[in-house]
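Look at the model below and turn it slowly. The report starts with one residue and works outward from there.

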Amino acid sequence: MSNICNIKENMKNNRKELHVLAEIGNKEYKTSNYIKNYLKSIGVEFEEMLETAVVGIIKGKNPKKTIAFRSDMDALTMGDKAMHLCGHDGHMSVLLGLVTYLNEQRENLMDNIVFIFQPAEEGPGGAKPLIDAGIVEKYNIDEIYGLHIYPEIPEGYVGTRPNYFLAQVGELDIDIIAKSGHGAMPQNGIDGIVLASSFIGSLQTIISRNISPLENAVLTIGKMEGGTRRNIIAENIRIEGTIRAFKPEVYETIKKRIRELAKGYEVAYNCSINVEIRDDYPAVNNNEALYEEFVEVIGKEKVIKLEPIMISEDFSFYQKEIPGLFFMLGARNEEKGFTNGLHSINFNFDESILGNALDVYVKLLKHKKSLI
């Protein structure tokens with residue numbers, strides 16, 4: 001039977017193997033096979049869900065609850081390649097390490113533990129399809145934990161907060177249909193570029209004038225396309241952006257005001273404006289009791305209470321069904337150069353931090369008397 005030091009070394013090896021298997025959302029076939037083969041090799045029960053999800057379970061001797069731990073599986077697209085630039089290879093390695101440890105501690109395991117290897121966190125989202133497929137009810141999951149490697153806080157620490165932690169997010173596409181004309185005779189056209197420029201400026205007043213300054217929200221326009229030649233009045237303009245907030249009512253106010261402004265501009269400029277808003281992930285909303293327990297177990301000296309962060313995570317869908325806690329695993333090491341942010345082409349981390357995450361999970365289970 002391996003000791004925990006050997007398991008931590010094995011986690012590093014798993015990370016190296018999974019790193020080169022990088023695949024995009026819902027296409028994680030090689031990654032899924034790697035996980036299934038690993039679970040088979042150590043004799044852990046699992047099932048396949050959706051196309052690539054893998055859900056393992058180790059049953060306790062006297063179960064009073066079922067606790068789930070979730071890892072995402074997918075990589076990011078970088079040009080024509082898929083690359084693990086967000087740490088999901090590390091997340092999977094942590095969960096495989098926990099599976100290995102608990103499998104070797106079956107005699108001491110009281111409660112049922114479910115291991116969720118989830119596809120498509122980066123998009124289009126794998127949590128909700130798993131929930132819709134009945135994962136919570138099938139396994140009678142009572143609570144759930146998830147983590148993310150985070151280079152903004154130092155190695156050896158974890159970061160989280162109670163209640164709203166990560167933002168609700170939506171994608172915004174706006175098509176402005178104006179009227180083309182010769183650049184020398186602007187009176188005969190409806191200038192889509194002038195119109196779009198004014199409209200973008202008006203959109204920025206939503207946060208500053210329609211949302212309380214005590215609330216957190218972002219409306220960013222990151223892309224605008226339009227026009228054909230320097231001397232032609234632009235007819236069709238495409239604007240793309242993102243909406244982020246924590247409270248649903250704030251998010252809905254932003255959506256409502258975008259549509260109202262669009263209608264006003266249609267009248268003012270005699271144009272057509274089509275607004276499409278796609279709601280992506282709800283806000284990550286950490287259960288307060290689980291947060292207090294987490295701080296008690298891990299220790300105030302090791303838990304950094306973070307401010308709310310405007311990034312998003314589909315772990316939030318699980319939290320709409322059951323109590324859940326999501327936390328950040330410190331990865332910053334300036335001496336070794338591990339300082340690049342998530343999604344950076346140079347993102348990386350010291351694999352020793354994977355063992356820190358395993359320690360966190362084991363401490364939690366022992367505190368809960370799920371593991372004795």
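In this predicted model, Tyr361 is in contact with Phe69, Val94, Leu98, Tyr145, Gly146, Leu147 and Phe327, leaving aside its neighbours within four places in sequence. Tyr361 also belongs to the largest nonpolar core, which has 53 residues. Which members of this core touch the most other members? They are Phe69, Leu98, Leu102, Phe115, Phe117, Phe294 and Tyr361. Helix α10, residues 353-367, gives the most to this core, with nine residues. Apart from it lies another core, of 30 residues. Ile57, Ile131, Tyr150 and Ile153 are among its members.

## Empty space inside

Tyr361 has a further role in the picture: it is one of the residues that line the largest cavity. The structure holds one cavity of 30 Å³ or more. About 50 Å³ of space lies in the largest cavity. Its lining is made by Arg70, Ser71, Asp72, His91, Leu95, Leu147 and Tyr361. Two elements, β3 (66-72) and α3, give two or more residues each to this lining. The largest share, three residues, comes from β3. By class, the lining divides into three nonpolar, two polar and two charged residues.

## Open pockets

Now for the pockets. This table sets out the spaces by volume and by the classes of their lining residues.

| Space | Volume | Nonpolar | Polar | Charged |
|---|---|---|---|---|
| Largest pocket | about 560 Å³ | ten residues | six residues | nine residues |
| Second largest pocket | about 210 Å³ | nine residues | four residues | three residues |
| Largest cavity | about 50 Å³ | three residues | two residues | two residues |

Start with the largest pocket, where about 560 Å³ of space lies. It is lined by 25 residues. Which of them are the closest to its centre? They are Glu122, Val169, Arg244, Ser312 and His343. Strands β10 (168-177), β14 (236-245) and β18 (324-332) are the elements that give two or more residues to this lining.

The second largest pocket holds about 210 Å³ of space. Of its 16 lining residues, Gln168, Pro248, Pro282, Ala283 and Lys320 are the closest to the centre. The elements that give two or more residues here are β10, α7 (248-269) and α9 (316-319). With three residues, α9 gives the most. Strand β10 thus appears in the list for the largest pocket and in the list for the second largest pocket.

## Two residues in strands

Gln168 is found in strand β10. Is Gln168 buried or exposed? Gln168 counts as buried because its relative accessibility is 13%, and the cut-off for buried is under 20%. Leaving aside neighbours within four places in sequence, Gln168 is in contact with Ile243, Arg244, Ala245, Lys247, Pro248, Tyr251, Tyr281, Pro282 and Ala283. Three of these names, Pro248, Pro282 and Ala283, were listed above as lining the second largest pocket.

Pro154 has its place in strand β7, residues 143-154. Pro154 counts as partly exposed because its relative accessibility is 37%, and that class lies between 20% and 50%. Not counting residues up to four places away in sequence, Pro154 touches Ile304, Gly330, Ala331 and Arg332. Pro154 and Leu329 are 175 residues apart along the chain, and their C-alpha atoms are separated by 8.6 Å.

## One helix in detail

Helix α2 covers residues 29-42, which makes 14 residues. It reaches 20 Å from its first C-alpha to its last, close to the 20 Å expected at 1.5 Å a residue. Which residues of α2 are buried? They are Thr31, Ser32, Tyr34, Ile35, Lys36, Tyr38 and Leu39. An α-helix has 3.6 residues a turn, so residues three or four places apart point the same way. The buried residues of α2 pack against α1 (4-19), β1 (45-49), β2 (53-58), α3 (88-104) and β6 (112-118). After α2 comes Gly43, and its phi is positive, near 80°.

## The whole chain

Finally, step back. The chain has ten helices and 18 strands. Its C-alpha trace spans about 85 × 45 × 40 Å along the principal axes. Buried residues make up 52% of the 372 residues. Among contacts between residues at least 6 apart in sequence, 80% join residues at least 24 apart.

Technical notes: Residues numbered from 1 in each chain as written. Predicted model: local features only at pLDDT ≥ 70, side-chain atom pairs only at ≥ 80, totals over all residues. Heavy atoms only, no water. 1 Å grid on protein atoms, 1.4 Å probe; cavity = no way out; pocket = protein on both sides within 12 Å on 5 of 7 lines; lining within 4 Å. Points joined across faces, edges and corners; volume = space filled by probe spheres on them. Helix = DSSP H or I, 4+ residues; strand = E, 2+ residues; numbered from the N terminus. Nonpolar A, V, L, I, M, F, W, Y, C, P; charged D, E, K, R; others polar. Expected span 1.5 Å × (residues − 1). Buried < 20%, exposed > 50% of the residue type's maximum accessible area, 1.4 Å probe, protein only. Contact = heavy atoms within 4.5 Å. Core = buried A, V, L, I, M, F, W, Y, C linked by side-chain atoms within 4.5 Å.
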